[in-house]
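Here are a few exercises to work through with the model open beside you. Try each task before you read its solution.

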Amino acid sequence: MKKKGCYSSGEFARKANVTLRTIRYYDAKGLLTPSFRSPSGARFYTNADLAKLQQILLFKYLGLSLDDIKELTVASGDQHFLLESLNMQKKLIQERIEEMKTVETTINKTIDAISDDAKVDYNNLLDLIQATTMEQSLKTQYQNAANISARISLHRNYSLNKQGWFPWLYEQCGIHAGMNILEIGCGNGELWLENMDKLPENISITLSDKSEGMIRDLQRTIKDNRFTFKVADAQAIPYEKECFDLVIANHVLFYCEDVKKAVSECARVLKKDGTFISSTYGSHHMKEITDLVQTFNPEIVLSRNKLYERFGLDNGEELLKTSFQTIECRRYEDAIEISEADPLISYILSCHGNQNHILLNRYKEFHDFVEAQTKNTFHITKEAGVFLAKK
């Protein structure tokens, strides 16, 4: 018996303008499992499955492998997740358009050179090879951007401290006219986007990140001559010594392979009377989320590394002492209370652990579990703060 709002395999394939063989293949690969099966084994699909198929086909078009696609489309049937995902897909398409324009320009240069019997510039050919190869960074950029968006959304929309993290962090920076500022690991630039109206006119801000994709996104977003952009690693900052009044590392140092090296680099480029601001977490930060997922399945690990052990509120001062003389710790008082499942699930899926792999075929069950846990408001501890360090 066919359920209302469902499509048979054939109807679903026709609606999506793909072959029935494609639908069955994605089912066999675990990419697009039907919403339900009849007692006789017939497959039936819903509009939520259409959303998932849209993502699969787009990622396939962009050149991602089926294994990558499988991980990236775990929760695509949810409205909340789908909206964020579509925004990230839009950025991917913009990135791809820019790449293809580069390919076209390089091809035209090579055609012109050959047509004029000129010597072929093999550097152009190398650029062409690089531009036409779908790099791993495209997948990484999507994941990073989507993950940052999911985390910021949870904190912004459900935190009890109404001031918000980024306005509070801006206050700690003591920014004034004439400053030369560097942010390392700037991500999506949210610190500046939320505080743009507070910035003095006479100021210079350099936003740096290891991700070329992140920097390109920021260059499209921030059209302001007070800002410059740089692809750079915090462990090898490409600037002369003592050239910045303020260096900011917002939840970045614990990702560095060599934290002391990154701290040393920040100290090197900081002026003698400058300030280094580094934010981090404590050991109880978001602990209830870890408890939640491990209650569902003890094998889930949201982060293979306990970031606060690498650089946290408890040990950060000792690590900073290797390069700084004066260190002050300021804590941000806050917590999260949420009674909706979807934003919390989006946050969980954004973590750097094994949860997506484990939840892949149990997503509906997990969604129901989280809905039950958040029904009467779910409380999440936040333990975050900053260190202000001077040489």
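**Exercise 1.** In this predicted model, find how many bridges join S7 to strand S8 and in which sense the two strands run.

*Solution.* Start at strand S7, residues 244-250, and look across to S8, residues 270-281. Six bridges join the two strands, and they run parallel. To check the register, take Val247: its bridge partner in S8 is Phe276. Next, follow the chain from one strand to the other: S7, helix H11 (residues 259-269) and S8 make a β-α-β unit, and this unit is right-handed.

**Exercise 2.** Now work out which strand is joined to S7 by four bridges, and whether S7 is enclosed or open.

*Solution.* The strand is S4, residues 180-184, which runs parallel to S7. A handy marker for this pairing is Ile181, whose bridge partner in S7 is Leu246. For the second part, go along S7 and apply the cut-off for burial, under 20% relative accessible area. Seven of its seven residues pass, so S7 is largely enclosed by the rest of the structure.

**Exercise 3.** Identify the residues with the most contacts inside the largest nonpolar core, and the element that supplies its largest share.

*Solution.* The core has 29 residues, and Ile175, Ile181, Trp192 and Leu207 have the most contacts inside it. Among the elements that each supply at least two residues are helix H9 (190-193), strand S5 (204-209) and strand S10 (378-390). The largest share, six residues, comes from H8, a helix that spans 165-173. Now zoom in on Ile175: setting aside neighbours within four places in sequence, its contacts are Tyr170, Ile181, Trp192, Leu199, Pro200, Ile203 and Leu246. A second core, separate from this one, has 28 residues, including Val252, Cys266, Leu270 and Leu319.

**Exercise 4.** Locate the buried residues of helix H10, then look at the side chain of Ser211 at its start.

*Solution.* H10 covers residues 212-221, and its buried residues are Gly213, Met214, Ile215, Asp217 and Leu218. Met214 also figures in the second step: a side-chain oxygen of Ser211 comes to within 3.1 Å of the backbone nitrogen of Met214.

**Exercise 5.** Give the strand order of the open sheet that contains S1, and name its edge strands.

*Solution.* The order is S1-S3-S2, with antiparallel pairing. S1 (7-8) and S2 (36-37) are the edge strands, each pairing on one side only. Between S1 and S3 (residues 43-45) there are two bridges, and Ser8 stands opposite Phe44 in S3.

Note on methods:
Residues numbered from 1 in each chain as written. Predicted model: local features only at pLDDT ≥ 70, side-chain atom pairs only at ≥ 80, totals over all residues. Heavy atoms only, no water. Buried < 20%, exposed > 50% of the residue type's maximum accessible area, 1.4 Å probe, protein only. Polar contact = N/O pair within 3.5 Å; in protein donor to acceptor, adjacent residues only side chain to side chain. Core = buried A, V, L, I, M, F, W, Y, C linked by side-chain atoms within 4.5 Å. Contact = heavy atoms within 4.5 Å. Pairing = 2+ DSSP bridges. Right-handed = clockwise from strand over helix to strand, strands pointing away.
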